[in-house]
Amino acid sequence: MNLLESTLALIVIPLIAGVGALFISNRWQRAQSALALMATLVSFFITIILFKHNFIYSIPWAGLGINFSIRLDHLSAFILLSTGFFALSLAIYCSVFLKDKNYARQFYSYLLLSLAMVNGAILANNLVLLLFFWEGLLLTLFGLISIGNPDAFKTATKAFIIIGISDLCLMIGIGLTGFIAGTLTMSAINLALDVPAGLAFILLVIGAIAKSGCMPFHSWIPDAALDAPLPFMAFFPAAVEKLLGIYFLTRICLQLFQMQAAGWAGITLMTVGAITIVLAVLMALIQKDYKKLLSYHAISQVGYMILGIGTGVPAGIVGGLFHMVNNALYKSCLFFTGGAVEKQAGSTNLEKLGGLGKAMPITFACFIVAAVSISGVPPFNGFFSKELIYDAALERGTIFYLAAILGSFFTAASFLKLGHAAFLGKNQTAAANGGNAVSEAPWPMLLPMLVIALLCIIFGIFNYLPIKHLIEPALGEKLLEGHSFAGFHANVLLVSMTVVVLLGALLNHWLGVRASGSGLKAVDHIHYAPGLKQIYAGAEKKYFDPYDIGLKLAHWVATAAFWADRAVDWFYDKFSVGAAVAFGQGIRRAHNGSYVTYLAWILVGALLMVTYLCW
Amino acid sequence: MKSNWLVWLIIFTPIVGAFLLPILGNFSKILRNWFALVLALVSFILSLILLPSALSGQFATIQRLLPLGFNFTFCADGLAVFMALVSSFISAIIIFYSFDYIDHYENQNEYYCMVLLFMGSMMGLVYSGNLIFLYVFWEITALTSWRLIGFFRDKEYVIKADKAFLVTVFGALLMLVGFMLLAQQCGSFDLSTIKEALKTQPLSGLAVLLILAGIFSKSATLPFQTWLPDAGVAPSPVTALLHAAVLVKIGVYVFARLFIVVMPLSQFWHVVVPAIAGLSALIAAGAALIDTNLKRIIAFSTISQIGFIFLGLACGNVIGVTGALLYILMHGLAKGGLFLCAGIVEQNTHSKDITKMGGLIKTMPWTAMAFLFCAFSIMGIPPLGGFFAKFMVMTGSVYSQPLYITLLFLCSAFFTILYLFRVFNLVFLGNNLIGPVKEGSKLMVACVVLLAVLSFSGGLLIKYPADVARTVAQQMLGTVK
């Protein structure tokens, strides 16, 4: 195969496999998973071959500048490689997890179709082609969520509406960008951020960060955590949507537009990132469900990436991309452990779990590695990417640094709580599992977890591997200004701050457990702190859900529009009919048969004529 | 030229055939049904034959000079052929669907006669190159739609039909006055003569206003929109015909014909028309979110989507006009699908109230999936065809309109997602509130699935419709290379 064929195969193979999977009955589950494994394995293999290749290919498509144009460069090859890896891990994991699930057929099919579209979106070199694949993901997203619980279609609709609306903004942004730049080819666009281009920038960024699950486009993710099949969570919100969203954000900030480090665009992105970090992690802190807690972290972590890229300084951008990879690793690993717990213990409700560490030692070990990585404990991978982001954030403003470090504190605190509540403490899971003892998950589920946990360690200790080979080539020499960001971070102050904060989280947990007597309630002193308590109560009732607020607003507008329409209708149905009737009756009254009246009419008419003639 | 005969055949096969149908119906229902389908297909296939020459710029024309400027002129240019293809194709599918749908009701002979007459006059309208003949066919469609909307003879239904007739005819009379003003200024009702004359003289604003009133009343745009939701009392294939294939597309077509091809509008109207269309789109979209009658909601959706087509046409640039033409095609396919699905739901549940349905996907999965995919196309979700249409229209608007117009339409696009999902969730998902409901007949389901598949493949194979639409748009704007 030549380069072009193998690149197109990345779209075509999952596409064909996805359509094919729709036709394999659930009785042939082995065939289903074999097909998914084959397709993801081949795609992963191709992404490895394609790595470090560069080329652009274009054929006419819908005309008017809309070409089927694809580009392979370091950045897209790097994201493709990551996506391919996660798809393969998920396929291995699903081969056991989806056993006896009646939605297996649809899940595999939608998963593979999604993979095709994700690959397409990453390869696209034409903004409309990108939008085509990007927005096409809505269909599989809707399908993947709605096959979960009986009521999951409500969450699916919510996700569809939130992302659909942001995608429409992206659509306008792409139109505007194409208009200003005079071309839709991404590799040919490089705009300064002046007034119209600034609007295009904002619209494109809305599309990118909404896909990655940033606030205020996040609120479907916690709902989906409960309703959607778990592997969906491990693949989409945890890994692929981050990869896709941050990939496009990087393209926007570094290539499509000339974002300056000191401009308004960077400040806006950093603010959005910082707010997302803090608010989402505060919500994660109080969750009492394994999956839902993780889902809020999936939102919170994207804040770090946006903050990092928003700084506009090389350390921040490298840190943001590195954090993107790291987050995809440990977050999918965490969701995999959540799936193992769900399958083996029968519940993810933390109130029913506890003491699983003995029964599921390997899962627990993987959980520990992923949890310390996400908390940023040295020398795991999350530590290094966070340090880079801290460094860049501090350069751009202390407030951003404080938000980031505060986020780390709560992240650590909530994972201490989660680990303690699920894996340590009193063993009460047999009750949740219908009286059966809990055993370790089967090996096809453990294998992806173990591999990913291992990668978390490798990407930490040998962080020059990903930074030197994956990220820095993707950004290019020019941007990096000759620096390299591999190795152990030299800023002693920042490192010591991190250590202090982590120790603080540990102390906080210890105090919380001592005060409340249980791991689950370790953060109750924060949850029920005066002031916070009321806010939390409101948030639990979804008073602050931007989706619900938006729907209410839409409903008001719609009601006004409805009555405007009724008013117009009244004009036709009542007013014009009434006017015609009234006119007719008035005229009829004039025709009363009286000779005198008619004479009077004639006189008036004659007078009018004379007046007109003499005028 | 031989192909001139084709134009004759395209127009008069369905019109003459329409009057044969009732006679045929007295002998055999099956024969009548298939003959009706064949008549529609004749128009479609012959238009397809005309397409290559129309795209290459060699138009088949018929011209018989008559006194007083009432020239008998027909011209098959790109725009006419494109519209004829879309209309006749969707009409053919709707007629096929009617085989089963209308089978339960009385007055079938009248139904088929009116539908074919309706479609035939649409053919006459799109091909005519003279304002008077355009007006004549325009009024024939008003008459037939009046009869079809009042197909069920209940009194309240007939009142709604009267309303549709009165509003559209009122608009048409205003338009006729506008035509007269034009003829007075240019000395002829012939479009080519008017086009030449207006190159040197300014266009009268009053004439534009009057003609716009006619167009907006036919295309159910603010402030003439309310007859269209009321027309939902008609049988579902008829509403599909009104919304997707024939009636509301007439106004859009005449706008494209007169105000792009013959007499380009001044800058003032390029802002006013999108503003009215945008307001109309938003109000209708809002109303669709509140109403609870299935067919009224889809009708409001049509009003809203027609606004997008006007926007694309009023942009006056190639991408906007191409988008508008694609929109006519894609919206026709998808909206036809939605109405035909609604027909299946309505016929099998005997209800139109979406708050009293639910869970129908379990028993009618095919209809539900067809509905969902048609809805996706109207929302503009790739890879369905509606995506490209919406993208091009919106891009055209970004190019040429003030930003607030684009944002106004963006709001309507948001609402489109909201109300279509509301309908889908209430009708097909959730708890069943209506009891056991069976799937529609095979033939009807086949029709809706066909429309959904066409919406889908229209997006995947966008190159072909887009190439045709772009060539037509360039022809219309006079920018053919």
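Q: Does helix H25 of chain A lie largely in the open or enclosed?
A: This is a predicted model, where local features need pLDDT of at least 70 and side-chain atom pairs 80 or more, while totals for chains, interfaces and linings use all residues. Residues count from 1 along each chain as its sequence is written, with chains lettered from A and ligands numbered from 1 in the order written. A residue is buried if 20 or more other C-beta atoms, placed from the backbone, lie within 10 Å of its own (exposed: 12 or fewer; partly exposed: in between). Of the 20 residues of H25(A), the number buried is zero, so this helix lies largely in the open.

Q: What distance does H25(A) reach from its first C-alpha to its last?
A: Helices here are DSSP runs of H or I with at least four residues, and strands are E runs of at least two, numbered from the N terminus. The expected span is 1.5 Å times one less than the number of residues. For the 20 residues of H25(A), 595-614, that gives 28 Å, and the helix comes close to it, at 29 Å.

Q: How many residues of H15(A) are buried?
A: Helix H15 covers residues 381-396 of chain A, and its end C-alpha atoms are 24 Å apart, which agrees with the 22 Å it should span. Gly397(A) follows, with a positive phi near 160 degrees. H15(A) is largely enclosed by the rest of the structure, because its buried count is 15 of the 16.

Q: How far apart do the C-alpha centres of the two domains of chain A lie?
A: An automatic or database assignment sets the domain bounds. Chain A is split into domain 1 (263-544) and domain 2 (548-614). Their C-alpha centres are separated by 70 Å.

Q: Which helix of chain A supplies the largest share of the side that touches chain B?
A: Counting a contact when two C-beta atoms, placed from the backbone, lie within 7 Å, 35 residues of chain A meet 42 residues of chain B. Strand E1 (55-63) and helices H5 (127-146), H6 (152-181) and H24 (546-590) of chain A each supply at least two residues of that side. The largest share, 13 residues, comes from H6(A).

Q: What radius of gyration does chain B have?
A: Chain B has 19 helices and two strands, and 63% of its 481 residues are buried. The radius is taken over C-alpha atoms, and the globule rule is 2.2 Å times the number of residues to the power 0.38. With 481 residues, a compact globule would be near 23 Å, which agrees with chain B at 21 Å.
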